[in-house]
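Here is an informal walk through one protein chain, from its overall build to a handful of residues. Have the viewer open as you read.

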Amino acid sequence: MTTKYTCALDGVSLASLDDRICILDIREDTPLLRLDRFLLPRGGQQIRPVRESLTVRVTFAIQEEQPRLRRAAMQNVQTWAAKGGMLTVSDRPGQRLAVVCSEFPSMSAEDWTEPLTLTFITARCPYWEDAEATFLTTSGASVFTVPGTAGEAPVSVTVTNTGSEPVTRLSLQCGTTWLIFEDIRLPAGGKCYVEAGDGLLSAVISGESILAKRTAGSDDLLLAPCGETSRVQATALQPMEALWKARGRYA
């Protein structure tokens, strides 16, 4: 069935499930915001909006008159949607949204032309993000430009000790955020993997977590403002090479 809209979960398109499926519309709801309030010393408040979730509704039709065949097609749709995953849509090329299905459509046995709606909600990151990450390799201080239009993107970095001696203290900077690890052992030629997956930090050397070695003054994550340039640097007493990675975020 011909349609001018497309959507897919983890690369599998809705329309590919059955030739009788026609996508009618893709609609984003207004993002759900939470207002964090901070009291000011001399009275008043500072208000910071925080995005909590984003909902996307996909409306489609199953153009089949026989109720039994329509029901079979709907079961395929429900199986496809129930898994959730990375949602991609035709009007946001190059972007993706991590979602779960929060509502399945009801279906009439009689009205085979009725519009049906699947509702998806963000499961982890309430922003559309680049399907392809932006990378930068450095061996000293440099600048990292992360595309996007919304807030800050978490930054991951893989650091390689290119010196001849082990590293016991490692400092990572991205913009105004810092991560510092002390009392570690990163051998010559070894790698430290600092990942910001699903908004949670992990840091590993030789298969062992070093999160307990993070200093109290460190930030929770390395963050880069989207659409701007940030200073990045990996610092130790040995020469270091760093591979920085982030996905731009969009409103």
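A residue counts as buried when its relative accessible area is under 20%, as exposed when that area is over 50%, and as partly exposed in between. With that cut-off, 43% of the 251 residues in the protein chain are buried. Keep in mind that this is a predicted model.

**The chain as a whole**

Strands set the scene here: the protein chain has 22 of them, along with one helix. How does its radius of gyration sit against that of a compact globule? A compact globule of 251 residues would come in near 18 Å, but the protein chain has 23 Å. The C-alpha trace spans about 75 × 55 × 30 Å along the principal axes.

Now for the contacts. Take the pairs in the protein chain that are at least 6 residues apart in sequence: 67% of those contacts join residues at least 24 apart. On the outside, the accessible surface adds up to about 13,300 Å², with carbon and sulfur atoms owning 49% of it. As for charge, the chain carries 25 positive and 29 negative charges, and their mean positions are 4 Å apart.

**Two positive phi values**

In general, most residues other than glycine have a negative phi. Which way do aspartate 183 and serine 206 go? Aspartate 183 has a positive phi, near 55 degrees, and serine 206 has a positive one too, near 50 degrees. Aspartate 183 is part of strand β15, which covers residues 177-186. Serine 206, on the other hand, lies in the loop between β17 (202-205) and β18 (208-209).

Buried or exposed? Aspartate 183 is exposed, because its relative accessible area is 64%, and serine 206 is exposed with a value of 64%.

**Arginine 34 and its partners**

Over in strand β4 (residues 32-39) you'll find arginine 34. Beyond the residues up to four places away in sequence, arginine 34 touches Arg48, Pro49, Val50 and Glu52. With glutamate 52 there is a polar contact, side chain to side chain, at 3.0 Å. Arginine 34 has 36% relative accessibility, so it counts as partly exposed.

**Serine 171 and lysine 213**

Serine 171 belongs to strand β14 (residues 167-174). What does serine 171 touch, apart from residues up to four places away in sequence? The list runs Trp178, Leu179, Ile180, Gln233, Ala234 and Thr235. Serine 171 counts as buried because its relative accessibility is 8%.

Lysine 213 sits in the loop between β18 and β19 (223-225). Setting aside neighbours within four places in sequence, lysine 213 is in contact with Ile180, Phe181, Glu182, Asp183 and Ile184. That list includes the aspartate with the positive phi from above. Ile180 turns up among the contacts of serine 171 and among those of lysine 213. At 37% relative accessibility, lysine 213 is partly exposed.

**Sequence gaps and distances in space**

To finish, here are two C-alpha to C-alpha separations, one for arginine 34 and one for lysine 213.

| Pair | Apart in sequence | Apart in space |
|---|---|---|
| Arginine 34 and alanine 236 | 202 residues | 39 Å |
| Lysine 213 and threonine 176 | 37 residues | 21 Å |

Definitions and conventions: Residues numbered from 1 in each chain as written. Predicted model: local features only at pLDDT ≥ 70, side-chain atom pairs only at ≥ 80, totals over all residues. Heavy atoms only, no water. Helix = DSSP H or I, 4+ residues; strand = E, 2+ residues; numbered from the N terminus. Rg over C-alpha atoms; globule rule 2.2 N^0.38 Å. Buried < 20%, exposed > 50% of the residue type's maximum accessible area, 1.4 Å probe, protein only. Contact = heavy atoms within 4.5 Å. Areas by Shrake-Rupley, 256 points an atom, 1.4 Å probe, with all protein chains shown as cover. Lys, Arg positive; Asp, Glu negative; His and termini not counted. Charge placed at Lys NZ, Arg CZ, Asp CG, Glu CD. Polar contact = N/O pair within 3.5 Å; in protein donor to acceptor, adjacent residues only side chain to side chain.
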